[in-house]
Amino acid sequence: MDAVKVFCPATIANISCGFDVLGLALDAVGDEMILKKSAQPGIRITKITGQELPLEADKNVAGVAAMALLDALDHRGGFEIEILKKIKPGSGIGSSAASAAGAVFGINILLDEPFSQQELVPFAMEGEKLASGVAHADNVAPALLGGFTLVRSYQPLDIIKLNTPEELHATILHPQIEVKTADSRKILKTAISLKDGIRQWGNVGGLVAGLYTEDYDLIGRSLEDHIVEPIRSILIPGYEALKQASHKAGALGVGISGSGPSVFALSKGMEQAKQVADAFDKAYADVGVPFEIHVSKINLQGIKILERW
Ligand code: HSE
């Protein structure tokens, strides 16, 4: 095999209560990438369509992640990367993670899989480090593993793929403004109170329990964030209106997707998720910011091969 085309899913990180530790993969939104073996050593990004992003490998998250993988193997060969970008950078649904995950996944396939999906996560995290200054794993882990994932620990890295209830669907509203993860991390407080910690880890435990017992109400009750949301929601025009509208429309819960500006809601069933999309649409009409809405099943498989030749 000389080339592979892959689908790299968009992801929702944090999922309200799990800042930097929880994430999930989406089915309906994602990038495509083509990875090819090349006679020229090293990583070359030959083409990017859909967005203006650097072609220099050391300035591009896909390039940096790919180089981290080759370095770990001390591999002297070469690869070309082509990116069909459908997830906008700065959208809050894991644009950089999709590119980083796609690069390491595709090259790993072309090398006959020296690494497991879990083992690819640290290489993809190098891409996140370039994009946001911090090597967080809560987007790249679900992109590579699918479903819901939990980063139990960063040092040492310990990632757990969680159960995903069959009927869970996501609705995402993406206001067409760019929020850089690096910027939206800078505004966060570095210390939290014990009181806020207690509420937050109660919700993380509740959400994980709800995912395993497939208790949709418990999942909804656990989608609360007392630490990050109050600060970051200031960057999202119309956030409160979206929250109220989605609750009224029957969503289980609503929160900021990753570092924003996208807002997500989880629902039981596709019908409910579509009703939430209608409610989002109506609530945002008056905000004066253009937007896109996506409705998606949770993607159980994560990143996948579309073609190989
Ligand atoms: N956990 C990261 C953050 C995700 O919220 O900054 C960025 O997509």
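The exercises below, each with a worked solution, concern a predicted model.

In this predicted model, local features need pLDDT of at least 70 and side-chain atom pairs count only at pLDDT 80 or more, while totals for chains, interfaces and linings use all residues. Residues are numbered from 1 along each chain as its sequence is written, and side-chain values use heavy atoms, with hydrogens and water left out.

**Exercise 1. Find the residues that line the largest cavity, and sort them by class.**

Step one is the search: on a 1 Å grid over the protein atoms alone, a cavity is a set of points where a 1.4 Å probe fits but cannot get out, and lining residues have an atom within 4 Å of a point. The whole structure holds 2 cavities of 30 Å³ or more, and the largest has about 80 Å³ of space, a volume being the space filled by probe spheres set on grid points that are joined across faces, edges and corners.

Step two is the lining, which consists of N14, S16, F19, D225, V228, E229, R232, G255, I256 and G258. Two or more of the lining residues come from each of helix 8 (229–232) and strand 8 (253–256), where helices (H or I, at least four residues) and strands (E, at least two) are DSSP runs numbered from the N terminus.

Step three sorts this lining into 3 nonpolar, 4 polar and 3 charged residues; Ala, Val, Leu, Ile, Met, Phe, Trp, Tyr, Cys and Pro count as nonpolar, Asp, Glu, Lys and Arg as charged, and the others, Gly among them, as polar.

**Exercise 2. Locate the cis peptide bonds at P156 and P261.**

Begin with P156, which is joined to Q155 by a cis peptide bond with omega about 0°, and which sits in the loop between strand 5 (148–154) and strand 6 (157–162). Then turn to P261: the bond that reaches it from G260 is cis, with omega near 5°, and P261 belongs to the loop between strand 8 and strand 9 (263–268).

**Exercise 3. Place D20 and E113, and decide whether D20 is buried or exposed.**

D20, although not a glycine, has a positive phi of about 70°, and its loop runs between strand 1 (3–13) and strand 2 (22–38). Its relative accessibility is 12%, so D20 counts as buried, since buried means under 20% relative accessible area, exposed over 50%, and partly exposed in between (1.4 Å probe, protein chains only). E113 also has a positive phi, near 55°, and lies in the loop between helix 2 (95–110) and helix 3 (117–132).

Methods:
1 Å grid on protein atoms, 1.4 Å probe; cavity = no way out; pocket = protein on both sides within 12 Å on 5 of 7 lines; lining within 4 Å.
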